[in-house]
Amino acid sequence: MNTPTDANGKKLSLKENYALLTRDLGWTPSYQPEDEIYRHVKFEGIKIHDWDKWEDPFRLTMDAYWKYQGEKERKLYAILDAFQQNNAQFNVTDARYVQALKLFINGVVGMEYASHRGFNIIGREFPGTAARIAAQMQAIDELRHAQTQTHALSHYNKYFAGMSNFPYQYDRTWYLSIPKSFFEDAVSSGPFEFVVGICFAFEYVLTNLVFMPWMSGAAYNSDMSTVSFGFSAQSDEARHMTLGIEVIKFLLEQDPANVPIVQGWIDKWFWRGYRLLTLVAAMMDYMLPKRVMSWAEAWEIYYEQNGGALFADLARYGIRPPKYADVTVKEKGHVSHQLWSTFYQFRHAAGFPVWLPTAEEMDWLSAKYPDTFDQYYRPRFAHWAELEKQGKPFANPTLPQLCQVCQWPLLFTEADDPTQICYREGSYLGDKFHCCSDGCMDIFNHEPEKYVHAHLPVHQIYQGSYFMPDVNPTSPDFNPLVEALRYMGITAGHDGGDFSTHVDAKNWEAWTKRPANAHAPQTAAPPSSTDVPEPKAA
């Protein structure tokens, strides 16, 4: 890289070089008013008096950005190539771990790409040059994450079902409407709300609850491919978290009128992010053969301790902890068990197998959740296990009521009474709407004109919109559940809590018993064999 110099050949300082490649790239428009160019920057009520106060703690310029990212790419793809050449997919603990990867590629990759789109939008909407450049770099980061995650997990797709159609399923599958609606809500908000919601409430406050448990879980279960893309993204995430705190301080220092607006966004996006992370809670407690820590322990470390210190620091600006943060502390002993129970009831409609925890796993859950698991959830799992032994496995044949905001089924209980489902009802223009919590109900009541348009999969099924064009509802053999699942890209199948009967488990057992030299080259799909069924969706 050439050393930057001024017109006289004098070497520029890092600060001068940064200024030339960021703020000095901006200009004042001459033939169009700024209000016409940046049309969305004022309607949220945020007041900005001096965009030059925006500081990038990393002083990162685009030439340095490409250099660092290029170095990371070379290291990452060398590891991915070695992983594939050594058939390392068979080194993971067992095939149950792969089900967590299905959740990741079907849910998280779509969120990364949606985040990429959102930062592209605000990179166009902010008048401040430094803010636009920071947004554009993060947009590239998010696109890179979507690509590297896809590449890292693509090798598993050669051996296991349920990963090949992730863009299609992200738009249609019922449990993926939760991450999809989260980012669609953010992208369809204003530029300042997006940057507070994603950069601060999600990236700064909550992102450790995604990356640390997931990547640590991958390492514990010998998945070095996933660990590698996690490490490759880690420096990006550190920069995103720093940007998040810079965004908050910038907005709060610009004008006192910004404080109540920002506080409202923190309350909203903290709750929306927390509800989204229920997927991570179930993964940590139920899907990992070797567990790193419980969801309750992760919440205590990464939110209660770290978040508590953060909001104590922000108190000088007039910012308090998020509304309903106390509810999350009460719920940390319940949410993972409640979601896994829901997945079990609707396992015939999931794109991955769902199993009942073993006696040893229930003992682990009992030790991690001494105040809740044995009292509320062990009897439930024991009852379902007994029904399976009798050949009468329990399944819920109905379609659940969905929350109008977070789009989870109404599966959560009252914070102070785990025996009662939390159910909130509101109305708008004569119609009734339902939410899973006070947090979601508050969000709905603040912007009902937005959330009445929520695309709820269960409602779409009842309306007849979740069927393929070739479906004939008047046909004698018409099965609405099977046809709705076909529309989502899911093949109805595995109807039990015994994972060993699932096709992934059978494939795993057959392939791991083969001699090392019997494996197919990694450029080809595994050969068909009488003892290895053709992969199919769960």
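**Surface, fold and strand pairing**

Q: What is the accessible surface of the protein chain, and how is the area obtained?
A: The accessible surface comes to about 23,600 Å², of which 53% belongs to carbon and sulfur atoms, with areas taken from the Shrake-Rupley method using a 1.4 Å probe. This is a predicted model, in which local features need pLDDT of at least 70 and side-chain atom pairs pLDDT 80 or more, while totals for chains, interfaces and linings use all residues. Residues are numbered from 1 along each chain as its sequence is written, and side-chain values use heavy atoms, without hydrogens and water.

Q: How many helices and strands are there in the protein chain, and what counts as each?
A: The protein chain has 22 helices and 4 strands, these being DSSP runs (H or I over at least four residues for helices, E over at least two for strands) numbered from the N terminus.

Q: Why is the protein chain called as compact as a globular protein of its length?
A: Its radius of gyration, taken over C-alpha atoms, is 25 Å, and the globule rule (2.2 Å times the number of residues to the power 0.38) gives 24 Å for 538 residues, which is close, so the description holds.

Q: What share of the residues counts as buried?
A: Set against the cut-off of under 20% relative accessible area, 56% of the 538 residues of the protein chain count as buried.

Q: What makes strand 1 and strand 2 a pair?
A: Pairing requires at least two DSSP bridges, and 2 bridges join strand 1 (residues 413-414) to strand 2 (residues 417-421), so these antiparallel strands qualify. A hairpin through 2 residues joins strand 1 to strand 2, and Glu 414 stands opposite Asp 417 in strand 2.

Technical notes:
Buried means under 20% relative accessible area, exposed over 50%, partly exposed in between (1.4 Å probe, protein chains only).
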